[in-house]
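Visitor: I should like to go through this model one point at a time. Please close each answer on the value or name requested.

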Amino acid sequence: MGEPRRGGARRYRFTEGPAALALRIPEVLDSQYGMYVWPCAVVLAQYLWVHRRSLPGKRVLEIGAGVSLPGMVAAKCGAEVILSDSEELPQCLQNCRRSCLMNDLPHVPVIGLTWGRVSPELLSLAPVDVILGSDVFFDPKDFEDILTTVYFLLEKNPHAQFWTTYQVRSADWSIEALLCKWKLKNIHIPLHSFSADKEHLASSSLPGRHTIEMMIISLARSDGT
């Protein structure tokens, strides 16, 4: 595949009333490396920004972090953040570290976690309150591995939630059967409820006219609710 071509840094600015947050996110021009800001990341970052008052002291893990935009927002808003991406993608892990350095967050831990694999890193994770994942539901062959990892984390942290955004790319896209299998429930979060239903968001045109959805996944109770 060769080396990824190094890109620049894209700027994002989140505002609400007098409050504002500016971030610089490094990108690599070859998006196949998972080091490109996709529209879902901007939408999830907007959700975190709107709910920033709930974040101080929260323990947050971003999976499949790539460029780490949502994780950077959470960290800037006072959360205790851990960034993770596949152990098999050292370029992505390095890009997580670059994002931290660019945004004056050098102490945010970056770890390798591969979906579906119960690794020492996964087993030794500290408790978490929120798991983040933007556009992780991209390739259907990965869906069960993702939910296996999410279920493992939620079992260890029963009050935690998985906040995730995804782009609707196919009418056949569905994780409902897998959620049922893993005894998980999901709540759909309308984009207008956190001012993310706009073509331009965070000084970016990325979300554009893409169909992006957000849901919060958690453990189902014993009665299935």
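Visitor: At what relative accessibility does D139 count as partly exposed?
Guide: This is a predicted model, in which local features need pLDDT of at least 70 and side-chain atom pairs count only at pLDDT 80 or more, while totals for chains, interfaces and linings use all residues. Residues are numbered from 1 along each chain as its sequence is written, and side-chain values use heavy atoms, with hydrogens and water left out. By relative accessible area (1.4 Å probe, protein chains only), buried means under 20%, exposed over 50%, and partly exposed in between. D139 falls in the intermediate class, with a value of 26%.

Visitor: Which residue meets D139 in a salt bridge?
Guide: A salt bridge is a side-chain nitrogen of Lys or Arg within 4 Å of a carboxyl oxygen of Asp or Glu. Here the N to O distance is 3.9 Å. The partner of D139 is K141.

Visitor: Which residues do salt bridges that share partners join into one network?
Guide: Shared partners connect the salt bridges in this case. The members of the network are E87, E88 and R117.

Visitor: How many residues apart are R117 and E88?
Guide: Their side chains meet in a salt bridge of 2.7 Å, N to O. Helices (H or I, at least four residues) and strands (E, at least two) are DSSP runs numbered from the N terminus. R117 belongs to the loop between β5 (110-112) and α4, and E88 to the loop between β4 (80-85) and α3 (90-102). Their separation is 29 residues.

Visitor: With which residue does D129 form a salt bridge?
Guide: The closest N and O atoms of the pair are 3.1 Å apart. D129 lies in the loop between α4 (120-123) and β6 (130-134) and its partner in strand β3 (residues 59-62), so the pair ties together parts 70 residues apart in sequence. The partner is R59.

Visitor: Why is helix α1 described as largely enclosed by the rest of the structure, and how many of its residues are buried?
Guide: Helix α1 covers residues 39-50, and its end C-alpha atoms are 17 Å apart. This agrees with the 16 Å expected at 1.5 Å a residue, the expected span being 1.5 Å times one less than the number of residues. The helix is largely enclosed because the buried share of its twelve residues is eleven.

Visitor: How many residues of the largest nonpolar core come from α1?
Guide: A nonpolar core is a set of buried Ala, Val, Leu, Ile, Met, Phe, Trp, Tyr and Cys residues joined through side-chain atoms within 4.5 Å. Of the 46 residues in the largest one, F14, L69, V73, L83, W163 and M214 touch the most other members. The largest share comes from α1, and that share is nine residues.

Visitor: To which residue's backbone oxygen does the side chain of T164 present a polar atom?
Guide: T164 is found in strand β7 (residues 161-167) and is buried, at 0% relative accessible area. Leaving out residues up to four places away in sequence, T164 touches V136, F137 and M214, among others, where contact means heavy atoms within 4.5 Å. The polar atom of its side chain lies 2.7 Å from the backbone oxygen of G133.

Visitor: Which residue just after α2 takes a positive phi?
Guide: Helix α2 (residues 69-76) is mostly covered, with seven of its eight residues buried. Just after α2, a phi of about 105° occurs at G78.

Definitions and conventions. A polar contact is a pair of N or O atoms within 3.5 Å; within protein, one must be able to donate a hydrogen and the other to accept it, and residues adjacent in sequence count only if both atoms are side-chain atoms.
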